[in-house]
Number of protein chains: 2
Amino acid sequence: MDMDQVNSMDFVDFVDMFGNVIERCPLIAAAVWSQRPFHDLEDLEKHFCAFIDALPQAGQEGILRCHPDLAGRELQRGTLTAESQREQSAAGLQSLSVDERRRLAELNAQYRARFGFPFVLAARLRDRETVARELERRLHCSPEQELRTALGEVKTIGRLRLADLLGAPARL
Amino acid sequence: MDMDQVNSMDFVDFVDMFGNVIERCPLIAAAVWSQRPFHDLEDLEKHFCAFIDALPQAGQEGILRCHPDLAGRELQRGTLTAESQREQSAAGLQSLSVDERRRLAELNAQYRARFGFPFVLAARLRDRETVARELERRLHCSPEQELRTALGEVKTIGRLRLADLLGAPARL
């Protein structure tokens, strides 16, 4: 799909296609549609990122809270979005041992209790060992730093999803 | 459910419960959780409304674009959210004649083309004749006025949904 086709979409088709670029936040794709026409993929990405950056802190935390835990209950139950399912599988999170899963669940719970949002990571770019290591490391960051890091991961996930949807190479 | 129980919810439970107070915008409930504790239902409502009011115009339009058409394809297909399904049924939109449905579909399409978002109305408070009449009337409003009217309807829908969830009388 090229940018002319994207620019000619009505908002219903646009939200159908890009509604999960930011996990469970179709509102963001629906807002980005107001900014068309888009020059290219980079320009489209920029509008998603600019919307996130312009939100008040509670809204940014809200975006994070729409993300599932990594290797959490939703992966077990099969209720993840298709995109999350693919990404968590790519990191090998579906084939953890019972001990690995229990350890991640404990760390996820500590992280949520400390920061008030779930641990978000572009899982597709990592393997299971890195996921656990990053989670342990980020647990010790300051809340301000961690909000910034987590939003950076949200944007990376979004860039990868956009590139997939447009059949383009991802820009990281 | 009383406000002490609401205030003691973690964000996962809060978003599960209030995620569709604003149609298909769990991001908003997830952001509002940052503002707890809430004094009472009125205070909780205020935070939902304040979040909407603080968004840039594209974000406000984005909220509207997450709403389904009234008596549209999703009602036919049974893919509405549970809340929308109930509200559209309450207005009698499930039992339209073929001609009434066709007429509403035409008006909805004109409205979307004119304003760039779907026609939003707190259907539960109206009957089928009022829905069609309001749609015809609002088609002739200015875009600025219509954005304000539509966001007012979003807030009314949200107030009704919140009151339902908390088993309280609705404040309109």
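**Exercise 1. State the domain assignment of chain A and describe how its domains meet.**

Solution. Chain A is divided into domain 1 (3-62) and domain 2 (69-156), with bounds that come from an automatic or database domain assignment. The structure is a predicted model, in which local features need pLDDT of at least 70 and side-chain atom pairs count only at pLDDT 80 or more, while totals for chains, interfaces and linings use all residues. Residues are numbered from 1 along each chain as its sequence is written, and chains are lettered from A and ligands numbered from 1 in the order in which they are written.

Step 1. Taken over C-alpha atoms, the centres of domain 1 of chain A and domain 2 of chain A are separated by 24 Å.

Step 2. Eight residues of domain 1 of chain A and nine residues of domain 2 of chain A form the contact; two residues are in contact if their C-beta atoms, placed from the backbone, lie within 7 Å.

Step 3. On the side of domain 1 of chain A that touches domain 2 of chain A, helix 4 and helix 5 of chain A each supply at least two residues. Helices (H or I, at least four residues) and strands (E, at least two) are DSSP runs, numbered from the N terminus.

**Exercise 2. Determine which elements of chain A touch chain B.**

Solution. Step 1. The contact draws 23 residues from chain A and 23 residues from chain B.

Step 2. Helix 2 (11-18), helix 3 (26-32), helix 4 (41-54) and helix 5 (57-65) of chain A are the elements that give two or more residues to the side of chain A that touches chain B. Helix 5 of chain A gives the most, with six residues.

**Exercise 3. Establish how chain A and chain B are related.**

Solution. Step 1. A turn of 180° and a shift of 0.0 Å along the axis lay chain A on chain B with an RMSD of 0.0 Å. The two copies are thus related as by a two-fold rotation axis. Superposition is by least squares on the C-alpha atoms of residues with pLDDT of at least 70 in both.

Step 2. Among the residues of chain A, Cys25(A) comes closest to the rotation axis, at 3.3 Å (C-alpha).

Step 3. The copies meet through the same surface, because 100% of the interface residues of chain A are also interface residues in chain B.

**Exercise 4. Identify the contacts of Ile28(A).**

Solution. Not counting residues up to four places away in sequence, Ile28(A) touches Ile22(A), Phe48(A), Phe51(A) and Gly62(B).
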